[in-house]
Amino acid sequence: WRKQPNIKLTRTEKEILLLSRQGLTMKEIAERSSVTIHAVKFCRGKIFDKMHVTNISEAIACAANYRLI
């Protein structure tokens, strides 16, 4: 049994993970979310840091595993 880590995601971070899980590119996510690609990249970096992962696939798997999205 593994203890769930204390990962707190913002609404925007959850939205980016959900859209990434659907296979959208960073450009498509930016357009849907009405933000810049830079903002999406920055937010993904924050997600990676919080989850201690190195790419979006790992982040999606981690978020799904811990039922964060």
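**Figure 1. Lys46 and Lys50, two lysines of helix 3.** Lys46 sits in helix 3 of this predicted model. With a relative accessible area of 35%, Lys46 is partly exposed. Along the sequence, Lys46 and Leu9 are separated by 37 residues, yet their C-alpha atoms are 9.3 Å apart in space. Lys50 also belongs to helix 3. Its relative accessible area is 31%, so Lys50 too counts as partly exposed. Setting aside neighbours within four places in sequence, you will find Lys50 in contact with Ile7, Lys8, Leu9, Thr10 and Glu13. Now look from Lys50 to Ser34: these two are 16 residues apart in sequence, and 24 Å lies between their C-alpha atoms.

**Figure 2. Helix 3 and its two sides.** Helix 3 runs over residues 37-51 and holds 15 residues. From its first C-alpha to its last it reaches 21 Å, close to the 21 Å expected at 1.5 Å a residue. Val40, Cys43, Arg44, Ile47, Phe48 and Met51 are the buried residues of helix 3. These residues lie on the same side of helix 3 because they cover an arc of only 145 degrees around the axis. A reminder may help when reading this view: an α-helix has 3.6 residues a turn, so residues three or four places apart point the same way. On the other side of helix 3, look for the exposed residues His38, Phe42 and Asp49. The cover over the buried residues of helix 3 includes helix 1 (11-21), helix 2 (26-33) and helix 4 (56-65). Right after helix 3 comes His52, with a positive phi near 60 degrees.

**Figure 3. Helix 2 and its buried face.** Here the buried residues to find are Ile29, Ala30 and Ser33, which belong to helix 2. Viewed down the axis of helix 2, its buried residues stay within an arc of 100 degrees, so they line one face of the helix. What do these buried residues of helix 2 pack against? Their partners are helix 1 and helix 3. Turned away from that buried side is a face of helix 2 that carries Lys27, Glu31 and Arg32, which are exposed.

**Figure 4. Ser34 and Arg67, two residues with a positive phi.** Most residues other than glycine have a negative phi, and most peptide bonds are trans. Ser34 comes just after helix 2, in the loop between helix 2 and helix 3. Although Ser34 is not a glycine, its phi is positive, at about 60 degrees. Is Ser34 buried or exposed? Its relative accessible area is 65%, so Ser34 counts as exposed. Arg67 is found in the segment after helix 4. The phi of Arg67 is near 55 degrees, again a positive value in a residue other than glycine. Arg67 is exposed, because its relative accessibility is 75%.

**Figure 5. The largest nonpolar core, with Ala59 among its members.** This core has 21 residues, and those that touch the most other members are Leu17, Ile47, Met51, Ala59 and Leu68. Helix 1, helix 2, helix 3 and helix 4 each contribute at least two residues to the core. Which residues does Ala59 contact, apart from its neighbours within four places in sequence? The contacts of Ala59 are with Leu17, Ile47, Phe48, Met51 and Val53.

**Figure 6. The protein as a setting for the close-ups.** The protein has 4 helices and 0 strands, and along the sequence its pattern reads α-α-α-α. A compact globule of 69 residues would have a radius of gyration near 11 Å, and the 12 Å of the protein agrees with this. Taken along the principal axes, the C-alpha atoms fill a box of roughly 40 × 20 × 20 Å. Of the 69 residues, 36% count as buried. Among contacts with a separation of 6 or more, 55% come from residues 24 or more positions apart. The accessible surface of the protein is about 4800 Å², and carbon and sulfur atoms account for 52% of it.

Notes
Residues numbered from 1 in each chain as written. Predicted model: local features only at pLDDT ≥ 70, side-chain atom pairs only at ≥ 80, totals over all residues. Heavy atoms only, no water. Expected span 1.5 Å × (residues − 1). Buried < 20%, exposed > 50% of the residue type's maximum accessible area, 1.4 Å probe, protein only. Arc of directions from axis to C-beta. Contact = heavy atoms within 4.5 Å. Rg over C-alpha atoms; globule rule 2.2 N^0.38 Å. Areas by Shrake-Rupley, 256 points an atom, 1.4 Å probe, with all protein chains shown as cover. Core = buried A, V, L, I, M, F, W, Y, C linked by side-chain atoms within 4.5 Å.
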